[in-house]
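Visitor: I have a model in front of me and would like to learn how to read its features one at a time. Could you take me through it, giving the general idea before each case?

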Amino acid sequence: MVVNVLKLAAVWLSLFLLTACSGPETPQEVTEAFWQAVMEDDADGVARYSTMATPAEYPQLEADWSAASLALGRTVIEEREATVVTVFKGIEGAGDEGREVATYLVRRDEQWKVDYQPTADAFAARSALQKFVGELGRLSDQIKSSFSRSSDALAERMDDMASEMRALSDSATAEASAALEEYSERLRKHIEELTESLEEALKDEKQASPQDRELLETSIRDLNTRNAQLEDPDFESIAASSTTVAETRVRLQALDQQVFADYEEDWQEWVEDIEQDVNDLLEDIRAGLRKG
């Protein structure tokens with residue numbers, strides 16, 4: 001009897017130790033363990049829970065993890081692949097609702113592993129995209145609050161942002177492609193209407209000064225260029241269009257208001273429509289970032 005009890009106890013102890021030592025098993029458990037290792041800068045842990053071959057291959061994901069926390073959202077499992085929505089708080093750009101990133105997993109040797117490169121790319125792309133959205137939003141506010149600011153400075157900052165967008169992975173641009181297509185059509189329509197009105201004013205207002213005519217001609221040329229770029233929209237063309245509209249607004253305010261009084265109200269309305277298109281696009285992208 002004593003022998004049987006001892007045998008049973010040994011079996012239970014073996015099962016307990018096996019369970020305790022098995023580590024994370026489900027996609028959700030592996031995801032949490034992987035990101036915990038990332039936040040602790042534990043290269044061994046990152047390699048253990050991912051497809052990375054060795055800890056030496058680990059390039060630390062750029063973020064201030066000191067106050068970071070994570071929560072797991074929707075999980076999709078399709079045979080030997082899985083995706084876990086991971087919500088980060090306490091890192092730059094996370095906001096009150098957190099930053100959502102897709103963690104990709106694959107099943108190898110009957111174990112779930114985080115597919116490191118796609119997951120790292122998704123994290124980096126999301127960070128860059130959020131930075132772009134924030135910068136463009138802040139720049140839009142600056143444009144509205146101070147029209148006397150140098151347009152060269154605005155253009156330089158937009159060029160910097162365009163360079164940042166070139167560094168984004170294809171996954172980031174694909175994620176926002178639907179919004180880009182929709183809003184680029186609206187932008188093109190409003191820019192075309194504004195350009196036609198400027199051309200009409202240039203043709204009809206013979207008494208316009210050489211300086212005013214030059215301002216109109218420059219605006220028409222720049223708007224036509226940006227509109228052509230919007231036929232194949234991307235983040236760079238949206239950013240460039242925003243800059244051109246801001247510069248056009250400044251030029252229109254510099255015109256002789258008595259000469260162009262009949263056009264002023266329509267021009268103001270079109271510029272505001274274009275700015276609203278850009279703001280709506282930013283809001284859609286922000287919503288997409290929150291959804292992951």
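Guide: Let us begin with a pair of side chains, keeping in mind that this is a predicted model. Phenylalanine 34 and tryptophan 35 are both buried. Tryptophan 35 also forms an edge-to-face aromatic pair with phenylalanine 88, with 4.8 Å from centre to centre and 80 degrees between the planes. Because tryptophan 35 belongs to helix 2 and phenylalanine 88 to strand 2, this pair ties together parts that are 53 residues apart in sequence.

Visitor: How buried or exposed are the two partners, tryptophan 35 and phenylalanine 88?

Guide: Buried means under 20% relative accessible area. Tryptophan 35 has 0% relative accessibility and therefore counts as buried, and phenylalanine 88, likewise at 0%, counts as buried too.

Visitor: How many aromatic pairs are there, and which residues form the aromatic cluster?

Guide: The count comes to eleven aromatic pairs. In one of them, the rings of phenylalanine 34 and tryptophan 35 have centres 5.1 Å apart and planes at 75 degrees, so this pair is edge-to-face. One aromatic cluster is formed by Phe34, Trp35, Tyr58, Trp65, Phe88, Tyr116 and Phe123.

Visitor: Which residues of helix 2 are buried, and how should I read such a list?

Guide: An α-helix has 3.6 residues a turn, so residues three or four places apart point the same way. In helix 2 the buried residues are Pro27, Val30, Thr31, Ala33, Phe34, Trp35, Ala37, Val38 and Met39. The helix is 13 residues in length and reaches 18 Å from its first C-alpha to its last, close to the 18 Å expected at 1.5 Å a residue.

Visitor: What is the strand order of the open sheet, and which strands are at its edges?

Guide: The open sheet has four strands in the order 1-2-3-4, and their pairing is antiparallel. Strand 1 (69-78) and strand 4 (111-114) are the edge strands, each of them pairing on one side only. On average, neighbouring strands of the sheet are turned by 30 degrees against each other, direction ignored. Helix 2 (residues 27-39) packs on this sheet, where it touches strand 1, strand 2, strand 3 (99-108) and strand 4, and its direction makes about 140 degrees with that of strand 1.

Visitor: How many bridges join strand 1 to strand 2, strand 2 to strand 3, and strand 3 to strand 4?

Guide: Strand 1 is joined to strand 2 (residues 81-89) by eight bridges, and the bridge partner of valine 76 in strand 2 is threonine 83. Eight bridges also join strand 2 to strand 3, with valine 84 standing opposite threonine 103 in strand 3. Between strand 3 and strand 4 there are four bridges, and here arginine 107 stands opposite tryptophan 112 in strand 4. Seven of the ten residues of strand 3 are buried, so this strand is largely enclosed by the rest of the structure.

Visitor: Which residues that are not glycine take a positive phi, and where are they placed?

Guide: Most residues other than glycine have a negative phi. Aspartate 41 nevertheless has a positive phi of about 55 degrees; its place is in the loop between helix 2 and helix 3 (43-48), and with a relative accessible area of 43% it is partly exposed. Aspartate 109 has a positive phi of about 50 degrees and sits in the hairpin of strand 3 and strand 4, which has two residues between the strands. With a relative accessible area of 73%, aspartate 109 is exposed.

Visitor: Which residues touch the most other members of the largest nonpolar core, and which helix gives the most to it?

Guide: In soluble globular proteins, nonpolar side chains tend to be buried together. The largest nonpolar core here has 28 residues, of which Leu194, Leu198, Leu216, Leu252, Leu255, Phe260 and Trp267 touch the most other members. The elements giving two or more residues to this core are helix 7 (177-204), helix 8 (210-229), helix 9 (235-254) and helix 10 (261-291), and helix 7 gives the most, with nine residues. Leaving aside its neighbours within four places in sequence, leucine 255 is in contact with Asp212, Leu215, Leu216, Phe260 and Trp267. A second, separate core of 26 residues includes Ala33, Trp35, Ile91 and Trp112.

Definitions and conventions
Residues are numbered from 1 along each chain as its sequence is written. This is a predicted model: local features need pLDDT of at least 70, side-chain atom pairs count only at pLDDT 80 or more; totals for chains, interfaces and linings use all residues. Side-chain values use heavy atoms; hydrogens and water are left out. Two strands pair if DSSP finds at least two bridges between them. Axes are lines fitted to C-alpha atoms, for helices over the stretch in contact, and angles run from 0 to 180 degrees between N-to-C directions. Contact means heavy atoms within 4.5 Å. A nonpolar core is a set of buried Ala, Val, Leu, Ile, Met, Phe, Trp, Tyr and Cys residues joined through side-chain atoms within 4.5 Å. Buried means under 20% relative accessible area, exposed over 50%, partly exposed in between (1.4 Å probe, protein chains only). The expected span of a helix is 1.5 Å times one less than its number of residues. Rings of Phe, Tyr and Trp (its six-membered ring) pair if their centres lie within 6.5 Å; planes under 30 degrees apart count as stacked, over 60 as edge-to-face and the rest as tilted.
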